[in-house]
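Please look over the sequence and the model shown here before reading on. The text after them is meant to be read with the structure open.

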There are 2 protein chains.
Amino acid sequence: MVLERINGPEDLKGLTKEERDTLAREMRENLIQRASLHMGHVGPDLGFVEATIALHTVFDAPNDHLIFDVSHQTYPHKMLTGRREAYMDPEHYDDVGPYTDPKESPYDLYSIGHTSTSVDLAIGMAKARDILGGKEHVVGIIGDGSLSGGMALEGLNVAGEMDSPLILVLNDNDQSIAENHGGMYKKLAELRETKGEAKDNIFRGMGLEYLYEGNGNDVESLVRIFEKAKSFKRPVLVHIFTRKGMGLPYAEEHKEEWHWHMPFYRETGKTREEWEFGEDLSDRTADFLLRKMKKDPSILVITAGVPGGMGFTAEKRREAGERFIDTGIAEQSGVTLACGAAKRGAKALFFTSATFLQRAYDQISHDAGINSLPITIVVNSASLFGMSDKTHLGLYLSSMANSIPNLFVLAPAFKEEYFAMLDYSMEQRERPMLILAPSDVVEDELPVEKDFGKPAFRTVKAGKDVAIFAPGSIYGEGKAAVELLQEKYGITATLIEPTILSHLDEECLQTLKKEHKLVVVLEDGILDGGLGEKIARYYGMDEMKVLCLGLNKEFYDEYDVTELLKEQKMDRESIAEAVVKGLQ
Amino acid sequence: MVLERINGPEDLKGLTKEERDTLAREMRENLIQRASLHMGHVGPDLGFVEATIALHTVFDAPNDHLIFDVSHQTYPHKMLTGRREAYMDPEHYDDVGPYTDPKESPYDLYSIGHTSTSVDLAIGMAKARDILGGKEHVVGIIGDGSLSGGMALEGLNVAGEMDSPLILVLNDNDQSIAENHGGMYKKLAELRETKGEAKDNIFRGMGLEYLYEGNGNDVESLVRIFEKAKSFKRPVLVHIFTRKGMGLPYAEEHKEEWHWHMPFYRETGKTREEWEFGEDLSDRTADFLLRKMKKDPSILVITAGVPGGMGFTAEKRREAGERFIDTGIAEQSGVTLACGAAKRGAKALFFTSATFLQRAYDQISHDAGINSLPITIVVNSASLFGMSDKTHLGLYLSSMANSIPNLFVLAPAFKEEYFAMLDYSMEQRERPMLILAPSDVVEDELPVEKDFGKPAFRTVKAGKDVAIFAPGSIYGEGKAAVELLQEKYGITATLIEPTILSHLDEECLQTLKKEHKLVVVLEDGILDGGLGEKIARYYGMDEMKVLCLGLNKEFYDEYDVTELLKEQKMDRESIAEAVVKGLQ
């Protein structure tokens with residue numbers, strides 16, 4: 001077995017052609033085996049095995065710098081840089097994270113999980129190398145899907161003006177998470193068909209040198225083209241064509257489903273039963289929007305490269321037809337396109353994951369906010385119960401959004417309330433609204449409101465002395481704390497579900513002063529910039545005590561949510577104890 | 001006079017060639033006369049006179065939609081849409097704002113002041129038109145400088161996939177605010193030289209149809225090309241070449257200085273004496289950085305299209321040489337490029353205006369924050385004393401930045417403190433730091449600190465009962481309030497200069513509890529997400545009263561700062577009165 005001899009890139013240097021081919025087969029076999037037992041990315045890594053061998057053969061990492069975009073394609077890289085056990089031995093599968101991480105290895109330069117950053121990071125390293133007198137190679141690796149992101153395109157333009165060496169590898173597998181979107185992809189296809197000779201080459205158009213290699217899963221061809229790239233004195237883009245999902249027939253055929261996958265049976269590709277989950281709120285969102293579309297021709301649904309985030313499978317996208325737009329990985333375009341559509345009379349909804357909406361702060365403020373355009377934005381995972389990799393945290397989103405004037409940030413705790421908010425937001429013509437889809441399908445505990453045009457903190461249960469505010473996905477913990485207070489301490493607390501995080505329901509706050517001494521605000525995210533701080537400010541000159549319970553403003557990583565809640569004193573027991581203490 | 005007969009675009013329809021030419025001359029003359037007496041944009045508008053006549057001749061606004069990028073080139077548009085008096089009669093010069101504004105005219109579709117948005121807004125309007133069954137033309141107008149912004153490039157890619165009519169007009173005057181930056185501009189030059197025939201056309205590469213017109217200041221040529229564009233059934237980009245500053249020889253020659261200008265003498269172009277200002281903090285920042293560069297080869301200074309914002313004139317850029325990078329209007333690239341450079345050992349500083357940094361929220365968080373990369377970001381105008389047009393407000397920036405973990409947001413009140421922070425930030429290797437350059441050069445009132453590695457609230461003057469926190473550019477108002485309290489009410493207040501807005505100096509806050517009952521926090525921006533709310537949260541369970549004085553979370557426009565302070569009860573008298581009341 002060749003793989004067992006590879007403890008680092010230096011062990012690749014003397015390999016024969018046959019050994020490299022064997023190595024590729026062994027790596028792919030281990031990747032498939034692991035994927036069948038451990039959730040994770042599948043397609044991107046299976047396609048990038050040979051390219052990774054070639055990169056580590058031609059370049060001298062970590063002296064040379066390899067920068068991976070998104071870094072979900074770095075399982076082969078990790079296998080070749082001292083971490084192969086994590087891909088060969090089920091006992092060690094959890095030794096590594098899903099993305100590059102400098103804490104994990106000196107061969108990993110950055111913690112990365114968002115797309116389209118590698119070009120700019122590479123330019124920065126090359127510029128620093130130049131002014132510091134270094135001579136090493138800098139290699140930025142980017143997938144075709146990531147090219148649709150504006151910052152990648154900004155980077156190509158900046159790189160095109162440079163006058164020193166920089167190598168950009170475009171890993172083109174003709175697929176984003178879902179299919180690619182954008183006019184450039186027709187031209188990429190022409191480049192593949194003509195072996196790089198097609199006219200109107202956008203890379204040359206941006207001022208870059210350009211090389212093409214169609215055999216992106218052949219180590220020898222790749223070694224040759226990367227060696228050639230090393231000889232360039234100025235930035236060169238090496239366009240290689242790889243097969244996403246190679247080696248797993250169903251993954252090659254159904255690329256979208258196999259970008260990332262739950263554990264499965266190798267023979268059939270069927271998901272293992274214990275990892276099968278039923279319909280969730282995302283699927284219901286797609287169905288809700290499709291039903292609404294049938295009745296109303298003015299509805300336009302937009303996403304930026306993550307249609308599955310709200311249940312828009314390929315079939316449901318077809319059903320929506322021209323009223324579903326995927327901008328590619330382009331959140332800025334997605335939000336501002338929605339603004340233009342709203343201005344012209346459409347009911348425009350944009351969705352993505354909370355963490356990716358960070359790319360569109362300015363568009364929400366400058367385009368939607370200033371112009372009071374009634375777009376609806378829906379995100380999932382804006383919650384500590386959501387994705388927990390540090391590059392994908394949605395814990396900061398409501399605080400970010402709370403600094404944008406004119407934007408309502410709605411945080412439904414219940415299922416029908418969520419759909420009522422969606423409906424209200426899409427029908428109103430006053431302002432942009434951001435809805436944080438709950439993490440779980442919680443049945444409504446209150447009659448469903450229809451009007452979200454005014455900030456409303458809803459009283460679920462009236463009590464006295466202490467009021468607990470529990471918005472969105474943290475509602476369950478707040479409710480449990482209220483029950484515990486009653487049962488264990490005989491304290492009848494008021495339970496409030498604030499449906500909005502960005503604005504205060506001053507009437508409610510004013511009323512609470514009569515029979516309450518303490519307000520506890522739970523944050524489904526960080527403390528800074530959250531609802532709790534606004535309430536603390538509101539009561540700043542009053543006798544009312546305010547206790548904010550949320551996360552400290554830090555980056556968290558691969559946490560267990562139960563443990564995190566305990567650590568941060570946000571679990572029901574800690575909440576109840578804090579109340580008892582606060583009332584003393 | 002032809003111009004006097006033009007009350008709206010309909011009056012353009014029957015004009016002869018001679019009348020159009022006369023109209024263009026009259027408009028240009030009035031624009032120049034106004035510019036000589038009234039500050040504003042000069043070059044962009046002088047170059048776009050003929051194109052505006054042609055657009056309003058060929059298209060039927062407001063039924064057809066004309067969307068102007070940045071909208072600083074819309075003075076001619078305003079002249080032709082019922083607002084000519086504002087350009088002809090000095091009494092009426094202030095009747096109009098510098099950007100398009102739907103409140104001003106039905107011919108203005110959006111409030112716009114940031115770049116690179118017009119392509120996406122146009123796509124959105126075209127999509128909405130299609131699903132709603134409209135037939136009108138949608139025209140997005142964008143300058144060559146704005147093309148370097150990622151969202152414009154995202155938009156071109158999205159547009160390239162559309163299958164219905166959309167017209168994009170590229171107003172190419174071979175200049176951004178300063179010179180253009182990026183590899184694409186070599187190709188744009190080739191397109192100009194070959195009348196649109198050069199190969200590797202990025203617009204065609206993005207899937208767009210393409211037309212070229214070199215006579216961008218000839219109404220008849222433009223009318224012809226726009227008429228031709230109307231016949232396309234799918235998106236077409238019309239590339240026109242115009243002369244920025246046309247009609248004002250010194251503006252044509254010195255395009256950067258004449259992008260925007262103070263009132264001047266027409267004969268010489270010399271700024272009128274009453275509008276001449278001395279050296280300011282921006283100039284000193286450039287000098288400080290250049291001095292530092294001389295001693296240290298590892299310093300890299302980066303901006304995104306606004307070199308003048310920190311005093312980097314053409315001469316100073318030459319002095320900095322390869323260690324000064326302008327990414328074009330590409331804040332995302334600027335920040336992430338700085339991250340790459342910092343990783344490779346450079347001391348990287350990025351600067352722009354506060355309002356434009358909104359484009360880089362995700363890059364500061366995901367690239368700099370998570371990776372603890374020690375980049376320095378400096379912005380100007382993050383203050384209510386800064387730019388006051390609603391599209392350029394920096395009032396929200398510190399609240400936005402406060403939601404990013406691991407980032408220190410420093411707000412110097414004094415001159416040498418500011419430079420000490422710059423120096424500290426560039427030398428430290430711990431984390432990203434954002435420094436809000438003060439609006440004014442205030443001499444230091446305390447010995448200058450050298451270490452900003454720990455959150456510090458500095459006591460300028462010790463008092464009792466009440467402590468007033470006055471950060472950054474609002475320091476002067478806080479200080480004046482403290483003096484007023486002493487003189488008028490005999491109250492000896494403590495005056496605190498918090499050098500950081502993102503984190504608490506808990507030792508200071510703890511100490512204040514001993515002899516203080518009230519803390520007043522002034523915000524140089526909005527209340528939401530500001531320092532005051534953090535302090536209110538900190539004292540939430542204590543006896544300490546906290547009064548936050550800042551702006552409500554709204555968009556403000558062309559305000560008078562003295563009046564705004566009074567309205568919002570943030571002026572010295574209101575502060576003093578609030579303290580007296582709060583201590584009762």
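What follows goes from the overall form of one chain to its interior, and then to single residues and backbone details.

The model is a predicted one. Chain A is built from 23 helices and 18 strands. Along the principal axes, its C-alpha atoms occupy a box of roughly 80 × 55 × 55 Å. The radius of gyration of chain A is 26 Å, and a compact globule of 584 residues would come near 25 Å, so the two values agree.

Burial and contacts can be read next. Of the 584 residues in chain A, 69% are buried. Among contacts in chain A with a separation of 6 or more, 76% join residues that are 24 or more positions apart. The exposed area of chain A is about 19,400 Å², and carbon and sulfur atoms contribute 48% of it. As for charge, chain A carries 66 positive and 96 negative side chains, yet the centres of these two sets are 3 Å apart.

The interior comes next. The largest nonpolar core contains 302 residues, and the members with the most contacts inside it are A:F203, A:I535, B:F203 and B:I535. Leaving aside residues up to four places away in sequence, B:I535 touches B:F457, B:F469, B:L504, B:L509, B:V519, B:V521 and B:V546. Another core, of 52 residues, lies apart from it and includes B:V2, B:Y107, B:V139 and B:I141.

Two residues serve as local examples. A:C548 sits in strand β18 of chain A, which covers residues 545-551. Its relative accessibility is 10%; buried means under 20%, so A:C548 counts as buried. Beyond residues up to four places away in sequence, A:C548 touches A:V521, A:L527, A:G532 and A:E533, and also B:R537 of chain B. A:C548 and A:E523 are separated by 25 residues in sequence, while their C-alpha atoms are 7.5 Å apart in space.

The other example, B:S176, belongs to a loop of chain B, between β4 (167-172) and α8 (184-193). Its relative accessible area is 9%, and B:S176 is therefore buried. Its contacts, again without residues up to four places away in sequence, include B:G145, B:K244, B:H259 and B:I329.

The backbone also has some details to inspect. Most peptide bonds are trans, and most residues other than glycine have a negative phi. Where does a cis peptide bond occur in chain B? One joins B:A61 and B:P62, with omega about 5°. B:P62 is in the loop between α3 (49-58) and β2 (65-68) of chain B. In chain A, the peptide bond from A:A61 to A:P62 is cis, with omega near 0°. A:P62 is placed in the loop between α3 (49-58) and β2 (65-68) of chain A.

Positive phi values complete the tour. A:S116, a residue other than glycine, has phi near 70°. A:S116 is located in the loop between α5 (85-88) and α6 (118-132) of chain A. Is A:S116 buried or exposed? With a relative accessibility of 0%, A:S116 counts as buried. In chain B, phi of B:D465 is near 70°, which is positive in a residue other than glycine. B:D465 lies in strand β15 of chain B, residues 465-469. The relative accessible area of B:D465 is 23%, so this residue is partly exposed.

Note on methods. Residues numbered from 1 in each chain as written. Chains lettered and ligands numbered in written order. Heavy atoms only, no water. Helix = DSSP H or I, 4+ residues; strand = E, 2+ residues; numbered from the N terminus. Rg over C-alpha atoms; globule rule 2.2 N^0.38 Å. Buried < 20%, exposed > 50% of the residue type's maximum accessible area, 1.4 Å probe, protein only. Contact = heavy atoms within 4.5 Å. Areas by Shrake-Rupley, 256 points an atom, 1.4 Å probe, with all protein chains shown as cover. Lys, Arg positive; Asp, Glu negative; His and termini not counted. Charge placed at Lys NZ, Arg CZ, Asp CG, Glu CD. Core = buried A, V, L, I, M, F, W, Y, C linked by side-chain atoms within 4.5 Å.
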